[in-house]
There are 4 protein chains.
Amino acid sequence: MIIVMQQNAQPKQVEDVVRRVEGLGYKVHLSRGEARTIIGIIGADEHLLQPTAFEAMDGVEKTMRVMQPFKVASRDFSQENTVIDVGGVKIGGPQIVVMAGPCSVESREMLLETAHAVKEAGATILRGGAFKPRSSPYSFQGLGEEGLRYLAEAREQTGLPVITEVMTPEDIEIVGDYADILQVGARNTQNYVLLRALGKQNKPVFLKRGMSSTIQELLMSAEYILSGGNMHVMVCERGIRTFEPLTRFTFDVNAIPVIKEMSHLPIVADPAHGTGKWSLVAPVAMAAVAAGADAIMVEVHPDPTVAWSDGAQSLTPARFAEMMKALAPVAQAVGRTL
Amino acid sequence: MIIVMQQNAQPKQVEDVVRRVEGLGYKVHLSRGEARTIIGIIGADEHLLQPTAFEAMDGVEKTMRVMQPFKVASRDFSQENTVIDVGGVKIGGPQIVVMAGPCSVESREMLLETAHAVKEAGATILRGGAFKPRSSPYSFQGLGEEGLRYLAEAREQTGLPVITEVMTPEDIEIVGDYADILQVGARNTQNYVLLRALGKQNKPVFLKRGMSSTIQELLMSAEYILSGGNMHVMVCERGIRTFEPLTRFTFDVNAIPVIKEMSHLPIVADPAHGTGKWSLVAPVAMAAVAAGADAIMVEVHPDPTVAWSDGAQSLTPARFAEMMKALAPVAQAVGRTL
Amino acid sequence: MIIVMQQNAQPKQVEDVVRRVEGLGYKVHLSRGEARTIIGIIGADEHLLQPTAFEAMDGVEKTMRVMQPFKVASRDFSQENTVIDVGGVKIGGPQIVVMAGPCSVESREMLLETAHAVKEAGATILRGGAFKPRSSPYSFQGLGEEGLRYLAEAREQTGLPVITEVMTPEDIEIVGDYADILQVGARNTQNYVLLRALGKQNKPVFLKRGMSSTIQELLMSAEYILSGGNMHVMVCERGIRTFEPLTRFTFDVNAIPVIKEMSHLPIVADPAHGTGKWSLVAPVAMAAVAAGADAIMVEVHPDPTVAWSDGAQSLTPARFAEMMKALAPVAQAVGRTL
Amino acid sequence: MIIVMQQNAQPKQVEDVVRRVEGLGYKVHLSRGEARTIIGIIGADEHLLQPTAFEAMDGVEKTMRVMQPFKVASRDFSQENTVIDVGGVKIGGPQIVVMAGPCSVESREMLLETAHAVKEAGATILRGGAFKPRSSPYSFQGLGEEGLRYLAEAREQTGLPVITEVMTPEDIEIVGDYADILQVGARNTQNYVLLRALGKQNKPVFLKRGMSSTIQELLMSAEYILSGGNMHVMVCERGIRTFEPLTRFTFDVNAIPVIKEMSHLPIVADPAHGTGKWSLVAPVAMAAVAAGADAIMVEVHPDPTVAWSDGAQSLTPARFAEMMKALAPVAQAVGRTL
């Protein structure tokens with residue numbers, strides 16, 4: 001970490017900062033410039049330091065981290081890409097994994113119908129929400145365990161591994177009994193109680209970026225799970241909140257190569273939430289694969305106009321099949337398969 | 001709700017939308033313009049409708065809500081301002097309530113010292129975190145129940161009611177045993193499991209706006225608690241995430257009069273998180289009161305440079321006392337007391 | 001346009017709005033709901049109306065446009081994609097056009113060297129700034145007309161048409177004497193004096209999206225040029241300002257399919273400004289082509305470390321050649337050529 | 001400036017950076033940590049350096065400025081606040097200056113009526129647009145010189161100095177013939193050609209923050225004018241673009257104390273553009289004064305419902321008079337007069 005002192009900082013103030021740093025067991029490297037003094041803090045455990053504490057000291061102008069505040073999630077920790085094996089489906093390897101299914105599990109029939117349709121069109125993992133975080137208390141909140149049972153049945157019929165959302169630590173056990181991947185939604189990216197609990201599991205975790213999480217915060221949240229001992233974490237770009245009103249969110253395609261540079265974790269792209277409109281899902285999915293995403297998650301509904309949630313961004317099975325056809329040559333163009 | 005059809009929408013597509021709306025029990029009002037057909041949906045329960053489902057229908061261009069998607073939180077529900085009485089301290093009345101104390105309860109001594117100092121300077125409620133949501137798994141996570149006990153002791157000594165954060169439904173009971181107000185942090189604004197559980201309590205709830213929540217989403221989250229039966233909800237503006245890098249967040253001062261127009265709930269301003277820097281806390285607190293805030297929450301620490309969290313934005317007791325002196329004439333200028 | 005009256009709007013207030021609308025020569029369609037009255041305004045010239053004027057009337061809650069506020073730029077105006085022919089290079093056709101060259105023209109030698117290098121690697125248009133908008137008054141501001149002469153010489157040697165920036169109406173003539181495409185930079189997207197002057201030209205105009213322009217505002221700015229009579233306009237997505245600090249801007253990949261739906265104008269992607277870092281340029285360029293961009297603009301410098309501007313996001317000629325190799329199969333995957 | 005090398009940077013790469021820095025005439029201070037090497041650049045002219053050029057060098061991870069990139073605009077340049085005298089009205093002194101008048105000058109009658117009304121209610125400067133930047137080419141673009149003549153007549157009748165917008169360098173002379181303060185609008189904050197031309201004038205300049213300009217960029221734009229020799233610059237906070245849709249912009253109240261810390265220039269607040277809605281103007285104006293603004297600019301129209309621009313955010317003369325009454329005690333509360 002680097003601490004920049006104010007232009008008129010007193011020698012005593014510089015000394016106080018140095019003493020504090022040394023008291024924490026770090027070595028100090030001092031640069032006295034014409035205009036300002038700069039204090040470098042040297043040590044491998046920089047991620048344990050808190051810049052803001054130093055900013056409260058008299059005479060300090062600002063601080064800058066030199067190293068990332070996360071460790072296990074970083075590229076420095078592992079040069080090799082993490083590959084997560086979910087019942088034989090490998091996320092982070094040469095194959096682009098496609099997770100598809102309805103936003104919410106609405107009934108046994110609709111789920112089974114959708115599961116067979118997406119399987120036929122080439123999906124490799126089945127998605128479906130049983131516990132649903134909804135912005136309105138008056139909206140459908142999910143079928144709960146009943147939905148989980150239908151997901152398990154759909155897996156049995158199609159062979160597709162299942163991913164579904166977990167909203168609270170108490171649900172981990174029951175969701176884990178049915179699902180192959182535990183999904184953390186965008187509103188829970190910084191639900192640290194939930195993340196810590198997931199760190200003690202051995203199940204793969206799918207961690208969505210919050211709608212206003214920075215990339216660094218997303219990787220810090222991954223660090224919560226990883227540092228707890230669960231190394232099976234994939235992160236998901238699903239659009240961030242910006243001023244642009246024509247799309248529900250702005251899909252941050254930059255985040256894909258940035259995360260690939262900074263971390264070894266697999267990256268999933270969610271073009272449905274990242275755009276909010278079904279007609280934009282295929283082009284943005286293709287963009288994500290071209291930029292280096294390892295997997296795609298989309299919402300498919302037999303009839304989006306009667307969907308209980310996220311209808312506007314759901315594909316029909318026919319449109320999903322079309323998207324898969326368009327996606328295959330793009331995957332090939334970047335040296336991967338679908 | 002209003003549904004705008006595409007320019008080239010087929011009569012059959014218009015009929016399908018009309019039939020769907022009527023099937024849900026709403027009346028339809030049709031406007032056929034030169035360029036487009038517009039479908040108005042008439043009914044008091046508009047907040048139960050989901051615009052996105054209609055956007056998935058063929059021929060639909062866009063939808064617009066006419067009424068707010070929340071009901072109990074709205075100004076239409078109550079023209080009179082809600083006043084919450086916490087042990088005699090009235091939030092939402094003529095007095096500006098000041099909540100002050102350390103970010104984290106670090107020890108019995110520091111808490112008691114701070115509590116007495118803020119009481120003396122005029123604070124009316126004591127704040128302090130026992131369960132702390134931290135972005136790094138390597139940071140101090142709070143003293144837990146031990147911290148709650150110190151808060152209760154500080155209340156006994158000073159007479160100040162106590163507010164502290166609750167992070168998960170399981171903690172509600174224990175936190176509720178000690179605290180007078182249950183705080184929901186910015187990372188839990190859309191933790192619906194937690195909000196639903198708080199709706200079944202009778203304790204006052206302090207709901208922070210998420211760093212990227214819209215005002216409407218904040219009031220929807222309040223609606224979760226209110227619709228569960230707990231009418232003692234205050235909302236808090238604490239800064240939103242923007243592109244400006246010089247401050248940690250951008251305090252959205254507009255939100256104060258906007259919420260006053262839209263809702264009857266009391267509004268608290270948090271200029272510490274809303275700026276991230278102690279030297280900006282007093283001017284922004286004064287701005288918030290001038291704009292109509294009912295209460296102010298600030299962080300005070302005997303020595304911010306050794307604070308275990310949020311040091312850069314914490315006031316010393318002396319600076320807090322100065323802020324209180326500056327705040328008093330501003331409160332008076334808007335016809336209130338401090 | 002639709003005008004939603006407040007819940008408690010008086011009949012007189014509704015009448016006043018109706019009279020105002022009819023006075024402007026539009027027909028009115030009135031919907032009286034249980035809760036609110038809604039006034040629909042019917043007429044083909046909706047883009048001439050100003051919603052905000054009605055919002056100032058007593059009893060009005062909000063307004064919503066039904067049609068886009070632009071006309072010539074819209075898809076309704078032309079179902080067929082506009083193709084702009086620049087000396088035989090067709091922008092908006094099946095071939096992905098690549099515009100490459102240095103950020104600033106620094107000297108005759110460096111420009112000619114770069115021009116030959118990008119030509120060899122497959123670029124079809126040469127870019128280079130002679131008049132430079134710089135955020136610091138102490139930075140290099142461009143060679144001016146001298147730079148334009150070097151660009152013309154480079155065109156003569158390589159056969160590549162030339163694009164360069166024009167910052168003010170007075171420069172149009174001189175820049176137009178040398179350049180084949182006139183570029184409007186992101187800080188001038190809403191410089192209406194400049195846009196109007198360009199509307200009177202016959203030269204192709206390359207219009208960058210402002211760093212905080214909405215897509216609608218970008219198309220409104222295009223409308224300024226188009227409505228003046230100059231139909232040769234291409235728009236450029238170059239990243240928008242968001243809260244994410246790891247990249248200089250957030251490339252809005254959604255904007256590409258959105259603009260394709262809303263407008264017939266060709267779309268260029270600028271992954272250099274859209275990311276701010278050379279290592280991200282190739283993956284984001286590939287993403288843009290996969291999403292449907294018609295052209296790519298990138299910065300190439302023989303030695304980016306000595307570049308007088310934008311060094312961090314400039315490619316070396318070798319890296320540019322690599323990017324072109326990676327881009328070709330992606331273009332093919334979406335049915336286009338490079 | 002500080003340059004942080006990558007963890008695996010080669011000694012040769014460090015040497016290259018050092019040689020480059022020394023070649024530019026700066027001294028280097030090297031810190032070799034366990035993990036990384038850090039290069040400090042020492043010298044008073046840091047604002048002449050470009051961080052991005054170094055980021056393009058092999059082995060460099062990131063750079064950080066130590067000093068601000070502006071000089072004349074900075075608090076280091078002048079501890080004393082700049083006070084601008086406009087015909088006896090002092091901006092930046094103990095009196096809160098109020099600039100009021102219509103968005104656009106629509107006719108002689110309406111301007112004179114408004115001028116007398118705002119004068120009577122206590123305004124000290126008259127505003128009114130003659131050259132109008134409008135997002136639609138189909139909207140009213142201002143009366144031009146005719147409008148300027150009416151402004152001059154209104155000044156003669158009321159004694160109020162006049163502020164009006166200048167959109168392009170060619171207009172400076174004519175606008176300067178009539179106006180007392182030249183206003184640069186939010187869409188021209190980074191129109192460097194215009195800024196440079198204004199730097200050669202002796203007239204006071206009112207510089208609006210762009211809707212997505214950072215505070216640093218705003219002060220860099222002020223530096224363009226100041227470094228040209230014109231020291232009469234005031235800056236204006238007018239709301240920034242954020243994700244919040246209920247207000248047109250988000251008034252950044254933090255910016256007021258931040259700019260006061262960083263710069264000696266007077267600060268004006270524009271709560272009309274900063275909110276977009278007349279009912280929010282008074283509370284946000286009061287907030288701005290409480291936070292330390294030196295002046296307020298608001299839009300007043302005899303009948304906002306027929307305003308040719310910005311009707312929704314314009315005050316009637318009666319509402320303006322009410323705002324002035326509410327503002328006076330707030331000004332007093334912060335030790336100033338109105």
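How many residue pairs are in polar contact across the interface of chain B and chain D? The rule finds 12 such pairs, both residues at pLDDT 80 or more. A polar contact is a pair of N or O atoms within 3.5 Å; within protein, one must be able to donate a hydrogen and the other to accept it, and residues adjacent in sequence count only if both atoms are side-chain atoms.

**Before you look**

This is a predicted model, in which local features need pLDDT of at least 70, side-chain atom pairs count only at pLDDT 80 or more, and totals for chains, interfaces and linings use all residues. Residues are numbered from 1 along each chain as its sequence is written, chains are lettered from A and ligands numbered from 1 in the order in which they are written, and side-chain values use heavy atoms, with hydrogens and water left out.

**View 1. Chain B meets chain D.**

Here 40 residues from chain B face 40 residues from chain D in the contact, where contact means heavy atoms within 4.5 Å. Together the two chains bury about 2900 Å², with 71% of it on carbon and sulfur atoms. Buried area is the accessible area (1.4 Å probe) that two parts lose on being put together, summed over both. Look for Phe243(B), Leu246(B) and Asn254(B): in chain B they lose the most area to chain D, together 21% of what that side buries.

**View 2. Charged partners and helices between chains B and D.**

Side chains of opposite charge can pair when their charged atoms come close. Between chain B and chain D the count is 4 salt bridges, each a side-chain nitrogen of Lys or Arg within 4 Å of a carboxyl oxygen of Asp or Glu. In a salt bridge here, Glu261(B) meets Lys277(D), at 2.9 Å from N to O. On the side of chain B that touches chain D, α7 (215-227), α8 (255-262), α9 (278-291) and α10 (317-333) each supply at least two residues. Helices (H or I, at least four residues) and strands (E, at least two) are DSSP runs, numbered from the N terminus. The largest share of this side, 8 residues, comes from α9(B). By class, the side divides into 23 nonpolar, 11 polar and 6 charged residues. Ala, Val, Leu, Ile, Met, Phe, Trp, Tyr, Cys and Pro count as nonpolar, Asp, Glu, Lys and Arg as charged, and the others, Gly among them, as polar.

**View 3. The axis between chains B and D.**

Two copies of a chain are related by a rotation about an axis and a shift along it. Chain B is superposed on chain D by a rotation of 180° with 0.0 Å of shift along the axis, at an RMSD of 0.0 Å. Copies are superposed by least squares on the C-alpha atoms of residues with pLDDT of at least 70 in both. Which residue of chain B comes closest to this rotation axis? Find Ala287(B), whose C-alpha lies at 1.9 Å. The same surface serves both copies, as 100% of the contact residues of chain B recur in chain D.

**View 4. Chain B meets chain A.**

In this contact, chain B and chain A bring 51 residues each. The area buried between them is about 4100 Å², of which carbon and sulfur atoms give 52%. Across this interface the rule finds 2 salt bridges. Glu217(B) forms a salt bridge with Arg241(A), with the closest N and O atoms 2.7 Å apart. The rule also finds 19 residue pairs in polar contact, both residues at pLDDT 80 or more. On the side of chain B that touches chain A, α2 (51-55), α6 (192-199) and α7 each supply at least two residues. Of these helices, α7(B) gives the largest share of that side, 5 residues.

**View 5. The axis between chains B and A.**

A turn of 180° and a shift of 0.0 Å along the axis lay chain B on chain A, with an RMSD of 0.0 Å. That is the relation of a two-fold axis. Ser212(B) is the residue of chain B that comes closest to the rotation axis, its C-alpha at 2.9 Å.
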